[in-house]
Amino acid sequence: MLILIAEDDELILKTIEYKLVKEGHEVILTRNGKEAIETLKEKDVDLAITDIMMPFASGIEILSAIQSMGKGTPVIMLSSMG
């Protein structure tokens with residue numbers, strides 16, 4: 001399974017990557033919303049995991065971009081907001 005992770009917190013990004021790779025998944029890492037949207041235009045991913053609040057584009061904007069591209073990619077939204 002090819003999974004896109006969009007997360008600006010490096011520790012969270014690497015932790016999720018470690019767990020998913022250990023389970024045998026292929027992972028694409030992006031560190032801001034703009035980078036995630038550009039990657040989604042180029043690659044067909046099976047799942048997107050995104051932080052809600054990120055630089056340049058939010059997780060909500062990433063979800064909108066996926067929908068506007070006509071992709072049925074499932075999305076998991078994360079937030080560390082209290």
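**Exercise 1. The buried side of α3**

Find which residues of helix α3 are buried, and state where around the axis they lie.

Step 1. In this predicted model, local features need pLDDT of at least 70 and side-chain atom pairs count only at pLDDT 80 or more, while totals for chains, interfaces and linings use all residues. Residues are numbered from 1 along each chain as its sequence is written, and side-chain values use heavy atoms, with hydrogens and water left out.

Step 2. Helix α3 spans residues 59-68 (helices are DSSP runs of H or I with at least four residues, strands runs of E with at least two, numbered from the N terminus).

Step 3. Gly59, Ile62, Ala65 and Ile66 are the buried residues of α3 (buried is under 20% relative accessible area, exposed over 50%, partly exposed in between, with a 1.4 Å probe and protein chains only).

Step 4. These residues cover an arc of only 115° around the axis, so they sit on the same side of α3 (the arc is taken over directions from the helix axis to the C-beta atoms).

Step 5. On the face turned away from this buried side, α3 carries the exposed residues Gln67 and Ser68.

Step 6. The packing partners of the buried residues of α3 are β1 (2-6), α2, β3 (47-51) and β4 (75-78).

Step 7. Just after α3, glycine 70 has a positive phi of about 75°.

**Exercise 2. The two faces of α2**

Assign residues of α2 to its buried side and to the face turned away from that side.

Step 1. On the buried side, α2 has Gly33, Ala36, Ile37, Thr39 and Leu40. Seen down the axis, the buried residues of α2 fall within an arc of 160°, and therefore line one face of the helix.

Step 2. Lys34, Lys41 and Glu42 are exposed on the face of α2 turned away from the buried side.

Step 3. The cover over the buried residues of α2 includes β1, β2 (26-30) and α3.

**Exercise 3. How α2 and α3 meet**

Describe the relative orientation of α2 and α3, then name the residues that make the contact.

Step 1. The axes of α2 (residues 33-42) and α3 come within 10 Å and cross at roughly 15° (axes are lines fitted to C-alpha atoms, for helices over the stretch in contact, with angles from 0 to 180 degrees between N-to-C directions).

Step 2. The two helices are therefore roughly parallel to each other (under 35 degrees; over 145 is roughly antiparallel, 65 to 115 roughly perpendicular, the rest oblique).

Step 3. Gly33, Ala36, Ile37 and Leu40 of α2 make the contact with Glu61, Ile62, Ala65 and Ile66 of α3 (contact means heavy atoms within 4.5 Å).

Step 4. Compare this with the buried sets. Gly33, Ala36, Ile37 and Leu40 are among the buried residues of α2, and Ile62, Ala65 and Ile66 are among those of α3.

**Exercise 4. Residues in the strands**

For leucine 29, leucine 47 and threonine 50, give the strand, the burial and the contacts beyond four places in sequence.

Step 1. Leucine 29 belongs to strand β2 and counts as buried because its relative accessibility is 18%. The residues it touches are Ile5, Leu13, Lys14, Glu17 and Glu35, not counting those up to four places away in sequence. Between leucine 29 and alanine 6 there are 6.4 Å, C-alpha to C-alpha, at a sequence separation of 23 residues.

Step 2. Leucine 47 is in strand β3 and is buried, at 14% relative accessible area. Beyond four places in sequence, leucine 47 contacts Met1, Leu2, Ile3, Leu4, Thr73, Pro74, Val75 and Ile76.

Step 3. Threonine 50 also has its place in strand β3, and its relative accessible area of 1% makes it buried. With neighbours within four places left aside, the contacts of threonine 50 are Ala6, Gly59, Ile62, Val75, Ile76, Met77 and Leu78. Gly59 and Ile62 are among the buried residues of α3.

**Exercise 5. Methionine 1 and phenylalanine 56**

Is methionine 1 buried or exposed, and what is the sign of phi at phenylalanine 56?

Step 1. Methionine 1, in the segment before β1, is exposed, at 53% relative accessible area. Its contacts beyond four places in sequence are His25, Glu26, Asp46 and Leu47. Methionine 1 and aspartate 46 are 6.0 Å apart, C-alpha to C-alpha, and 45 residues apart in sequence.

Step 2. Phenylalanine 56 lies in the loop between β3 and α3. Its phi is positive, about 75°, although it is not a glycine. Most residues other than glycine have a negative phi. Phenylalanine 56 is exposed, with a relative accessible area of 69%.
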